[in-house]
Amino acid sequence: MDSDTRILCFRHCCSKSIFCKNILDVCPLCKLLIVNFEVEPFVIPYPYANAMHEPNAVVVRPSRGDFLTNYDIAHDLHIGISNSQGIVFEYDKEGLIINDCSRWTSCIAISIIPSSWDNHWNETLKAMLKDSKWRSENYNELSMNCYNFVIEFMNKLKYMDMDFVDKETMCDKLILPRIRDAVRYNSLFIKLKAHEFFIS
């Protein structure tokens, strides 16, 4: 995250939160010079990451464009898996793609396992890569796609209750909570491009 994407939050004179890019000198609510805070300024967690720095994660990005500048909830998402070295494995119409780094610099990374599972995560992924079913000729936009790849990986991993019967179940349980956080962040980001502050 850089200073262009950073969002700060604080409270000055009441229970309303003030979001801004830079701390204000004068409170927009009470119009007094800000000397103290009811809640000290803090940085809103940035929801996006570079997959190379997110080992052993399920990684998600828009199929086209990026989350922060042009994502809409109706847009399709693409999903992949990073191994313990942050190498991304994904499946699409070209078949298995390994480490197309430039497309995963601003994604949502969902960590699931503790570090004690690192080796099993890598071994499960290696075993999947040997399966010929992930060739490009088997790709089907509806029935054999990136979600099927990740669902099969998670089911073979057998970690806790992380097994999924279909895309909808996986999205509800794993992806949608993180997408909601990202959409809220995007909404604030857009508001602060047009205004110095936003009050909630």
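**Figure 1. Four helices and nine strands make up the protein in this predicted model.** Walk along the sequence and you meet the elements in the pattern β-β-β-β-α-β-β-β-β-α-α-α-β. Along its principal axes, the C-alpha trace spans about 65 × 35 × 30 Å. The views that follow take the two sheets, the helices packed on them and the largest pocket in turn.

**Figure 2. Five strands form an open sheet in the order β7-β6-β5-β4-β8.** The pairing in this sheet is antiparallel. Which strands stand at the edges? They are β7 (95-98) and β8 (108-111); each has a single partner strand, so one side of each is left without a neighbour in the sheet. On average, neighbouring strands here are turned by 25 degrees against each other, direction ignored. As a reminder, strands of a sheet pair through backbone hydrogen bonds, either parallel or antiparallel.

**Figure 3. A closer look at β4 and β5 shows antiparallel pairing over six bridges.** Strand β4 covers residues 57-62. To find a good landmark, look for Pro62, whose bridge partner in β5 is Leu77. Leu77 is also worth remembering for the pocket view below, where it is listed among the residues closest to the centre of the largest pocket.

**Figure 4. Strands β6 and β7 form a hairpin.** How many residues lie between the two strands? There are two. Four bridges join β6 to β7, and the strands run antiparallel. Within this hairpin, Phe89 stands opposite Ile98 of β7.

**Figure 5. Helices α2 and α4 both pack on the five-stranded sheet.** Helix α2 (residues 118-129) touches β4, β5, β6 (88-92) and β7. The direction of α2 makes about 115 degrees with that of β5. For α4, the strands touched are β4, β5 and β8, and the helix direction makes about 130 degrees with that of β8.

**Figure 6. Four strands form another open sheet, in the order β3-β1-β2-β9.** Here too the pairing is antiparallel. The edge strands are β3 (39-43) and β9 (197-199), each of which pairs on one side only. Neighbouring strands of this sheet are turned by 20 degrees against each other on average, direction ignored. Zooming in, strand β2 (residues 18-20) is joined to β9 by three bridges, with the two strands antiparallel. One bridge to pick out is that of Ile18, whose partner in β9 is Ile199. Helix α4 appears again in this view: α4 lies across β2 and β9, running at about 125 degrees to β9.

**Figure 7. Helices α3 and α4 cross at roughly 70 degrees, with their axes coming within 10 Å.** That angle makes α3 roughly perpendicular to α4, because angles of 65 to 115 degrees fall in that class. Which residues make the contact? From α3 come Tyr147, Val150 and Ile151, while α4 supplies Lys167, Met170, Cys171 and Ile175. By class, the contact holds six nonpolar, no polar and one charged residues.

**Figure 8. The largest pocket holds about 770 Å³ of space.** Its lining has 26 residues, and the closest to the centre are Ser63, Asp76, Leu77, Tyr139 and Cys146. The elements that give two or more residues to the lining are β5 (77-82), α3 (146-157) and α4 (167-194). Which of the elements gives the largest share? That is α4, with five residues. If you like to sort a site by residue class, the lining has 13 nonpolar, five polar and eight charged residues. This view ties back to earlier ones: β5 is part of the five-stranded sheet, and the axes of α3 and α4 are the pair that cross at roughly 70 degrees.

Terms used. Residues numbered from 1 in each chain as written. Predicted model: local features only at pLDDT ≥ 70, side-chain atom pairs only at ≥ 80, totals over all residues. Heavy atoms only, no water. 1 Å grid on protein atoms, 1.4 Å probe; cavity = no way out; pocket = protein on both sides within 12 Å on 5 of 7 lines; lining within 4 Å. Points joined across faces, edges and corners; volume = space filled by probe spheres on them. Nonpolar A, V, L, I, M, F, W, Y, C, P; charged D, E, K, R; others polar. Axes fitted to C-alpha atoms, helices over the stretch in contact; angles between N-to-C directions. Parallel < 35°, antiparallel > 145°, perpendicular 65-115°, else oblique. Contact = heavy atoms within 4.5 Å. Pairing = 2+ DSSP bridges.
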